[in-house]
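The following exercises are to be worked through with the sequence and the model at hand. Each task is followed by a solution in steps.

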Amino acid sequence: MQISHDHLPLRRLGLAAAGSVVLLGIAAGPAAAHAEVSASDPRALAENVTLSFTSEAESDAAGIAELRVVLPQGIAPDAVTLKEAPEGWKLTATPDGYSVGGAALATGTDAEYSITVRQLPDAESLAFKTLETYGDGKVSRWIEVPADGRKVDNPAPLLKLQPAAPGAKPIAPSPSPTPTPTPSAPTTEPSSPAPAAAPDARKANAADSGSGNGVVVAVVAAVVVLGGAGAFRWTRRSRQS
């Protein structure tokens, strides 16, 4: 069967359309990450780095109200401060990261904010697992970390780091406040007199008692002497008279 030259343009158009459909299918592919992060200085051990986050709104019924982030190993919650955020949003430290949020954003509005990190750790990449909470209570979990180049359905924001600058070193963590010592009452009781002191006390008491007895004896002796002298004089006068 011979094909008419009039049908060739139509056949070519059909092939082109099919090719376009294939290309669109390839381009659509797996969805890109809905939570992303970028850095002002993406080098390991970089200091005072600004990390900017974007969480795409997915709900058609409510806006994003809070983002809960788990920090990667090497970044402590107290090493993070809020730099920019939607009006009224605040950052609160958690045991393993932080949460930032406030009044729910308008439906369909992406949540964008930035933080300042004291220093990035010495690593090749950093994953910031994120939970997006909407005003109606819906939660989107972007917490999966790709491994061995495999793609995941809900990838966590991933920041790839460049090698550290020459001479860069880890800085010491912030010292914890030293508690002020509180004065306390003495816990020891007054000590009892040493056993050896008892004999000395008895000797002192005996000496005091002896001295007192000596005084009494002396007084009695004096009275006796005076009394004898008086009796002798009285007897002598009686004889003379």
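**Exercise 1.** Is F53 buried or exposed?

*Solution.* The model is predicted, so local features need pLDDT of at least 70 and side-chain atom pairs count only at pLDDT 80 or more, while totals for chains, interfaces and linings use all residues. Residues are numbered from 1 along each chain as its sequence is written, and side-chain values use heavy atoms, with hydrogens and water left out. The term buried means under 20% relative accessible area, exposed means over 50%, and partly exposed lies in between (1.4 Å probe, protein chains only). F53 has a relative accessible area of 4%, so F53 is buried.

**Exercise 2.** Determine which rings pair with F53.

*Solution.* Step 1: rings of Phe, Tyr and Trp (its six-membered ring) pair if their centres lie within 6.5 Å; planes under 30 degrees apart are stacked, over 60 edge-to-face, and the rest tilted. The count by this rule is three aromatic pairs.

Step 2: F53 and Y113 are stacked, with 5.1 Å centre to centre and 10 degrees between the planes. Because F53 lies in strand β2 and Y113 in strand β7, this pair ties together parts 60 residues apart in sequence. Strands here are DSSP runs (E, at least two residues), numbered from the N terminus. Y113 is also buried, at a relative accessible area of 4%.

Step 3: F53 and F128 form an edge-to-face pair, 5.4 Å centre to centre with 80 degrees between the planes. F128 lies in the loop between β8 (125-127) and β9, so this pair links parts 75 residues apart in sequence. F128 counts as buried at 0% relative accessibility.

Step 4: ring pairs link F53, Y98, Y113 and F128 into a cluster.

**Exercise 3.** Describe the sheet that contains β2 and β7.

*Solution.* Step 1: two strands pair if DSSP finds at least two bridges between them. Four strands form an open sheet, in the order β1-β2-β7-β4, with antiparallel pairing. The edge strands, β1 (35-39) and β4 (80-84), each pair on one side only.

Step 2: eight bridges join β2 (residues 47-55) to β7 (residues 111-119). In this pairing, V49 stands opposite V117 in β7.

**Exercise 4.** Which sign does phi have at L45 and at N48?

*Solution.* Most residues other than glycine have a negative phi. L45 has a positive phi of about 65 degrees, and N48 has a positive phi of about 50 degrees. L45 is in the loop between β1 and β2, whereas N48 is found in strand β2. L45 counts as buried at 10% relative accessibility; N48 counts as exposed at 55%.
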